[in-house]
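Student: I should like a close look at a single part of this protein, with its surroundings described in one connected account. Please take the pairing of the strands as the main thread.

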Amino acid sequence: MASSSTPTTPLLYSCVAHQSNILSECTSTTSAASQASSLASLILPKINHTKSERLTYTYGSNQIHYMAESASDHPNHPSAGGLTFLVVADAALGRQVRRRFFAAFPATGNDFADMPSHGAGSFNGTLKTLMVEYSSTSGSQTHAIVNVRQGLDHVKAIATKNIKSLGIRGDEIHGLMDKTAGLNSSAQAFYMSSRGIRRRMWWKNTRITILIGVVIILIIILAMVIPLKA
């Protein structure tokens, strides 16, 4: 039996599979849903059923949520241990796998290992109903709003941190400016002081030079006068 389709919803695709064999599926009518259905064939062969698990893969703007059953979950029906419940949804809905999607699936009383492809096609209508109901409930909308609010809180936290960092840097810049002004004042004072010292040393050297010149002149005069008197 072919898969059924739903009106446009944030849930693009859902299916129930045994190992990699799809037993029942439902696809949204959106253009993105055609790609979403092909993701199941890529994910299903990679799932290990040695233990039950719930995981989410992110692919572009979509998220692939699945629940894999193990034999220990169904000791009286071992073949049910290979079941996988998979949903492809818009990433805005968040990382949640809604178990109520598949609660109505008859996981007992069937030998799923021997079922052909789409052997549980009678469950397609149930998947369609669940996808439409989930998309129209306030639960999914509320969850999306919560995600948006969390994103806004994250942006607010980053902005606050950046503002604080700018404030700290501003204080550091003001401190550096004050230190620079102090160094400029010290340099100016040192320049004026060294200039005064240089002038005083010049006058001191000039006076010594003049004094030495006067002494030499006196010696020359005396040297000329004494022989004449003799």
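Tutor: The account below begins with the chain as a whole and then turns to one strand and its partners.

The model is predicted. Its protein chain contains 3 helices and 6 strands, and the order of these elements along the sequence is β-β-β-α-β-β-β-α-α. Of the 230 residues in the chain, 30% are buried. The accessible surface amounts to about 14,700 Å², and carbon and sulfur atoms account for 63% of that surface. Where contacts link residues at least 6 apart in sequence, 60% of them join residues at least 24 apart.

The part chosen for the close look is strand 2, which covers residues 11–18. Here 8 of the 8 residues are buried, so strand 2 is largely enclosed by the rest of the structure. The cut-off behind that statement is a relative accessible area under 20%. Strand 2 has pairings with strand 3 and with strand 6, and each can be taken in turn.

The pairing with strand 3 is antiparallel and consists of 6 bridges. Strand 3 spans residues 21–28, and because 7 of its 8 residues are buried, strand 3 too is largely enclosed by the rest of the structure. Two positions show how the strands are matched. His18 has Asn21 of strand 3 as its bridge partner, while Tyr13 stands opposite Thr27 in strand 3. Strands 2 and 3 form a hairpin with 2 residues between the strands. In this hairpin Gln19 adopts a positive phi near 55°.

The pairing with strand 6 is also antiparallel, and 7 bridges hold the record of it. Strand 6 comprises residues 83–90. One of the matched positions is Ala17, whose bridge partner in strand 6 is Thr84.

Cysteines deserve a separate remark. Cys15 counts as buried because its relative accessibility is 0%. Cys26 likewise counts as buried, at 0% relative accessibility. A search of the whole structure for disulfides finds 0. In general, a disulfide is a covalent bond between the sulfur atoms of two cysteines.

Strands 4 and 5 offer a further setting for comparison. Strand 5 covers residues 62–68, and His65 lies within it. At 3% relative accessibility, His65 counts as buried. The side chain of His65 forms a polar contact with the side chain of Thr56, at 3.0 Å. Gly60 sits in the loop between strand 4 (53–59) and strand 5. With a relative accessibility of 69%, Gly60 counts as exposed, the threshold for that class being over 50%. Gly60 and Ala91 are 31 residues apart along the chain, and their C-alpha atoms are separated by 8.6 Å.

To return to the main thread, strand 2 pairs antiparallel with strand 3 through 6 bridges and antiparallel with strand 6 through 7 bridges, and 8 of its 8 residues are buried.

Methods
Residues numbered from 1 in each chain as written. Predicted model: local features only at pLDDT ≥ 70, side-chain atom pairs only at ≥ 80, totals over all residues. Heavy atoms only, no water. Helix = DSSP H or I, 4+ residues; strand = E, 2+ residues; numbered from the N terminus. Buried < 20%, exposed > 50% of the residue type's maximum accessible area, 1.4 Å probe, protein only. Contact = heavy atoms within 4.5 Å. Areas by Shrake-Rupley, 256 points an atom, 1.4 Å probe, with all protein chains shown as cover. Disulfide = S-S within 2.5 Å. Polar contact = N/O pair within 3.5 Å; in protein donor to acceptor, adjacent residues only side chain to side chain. Pairing = 2+ DSSP bridges.
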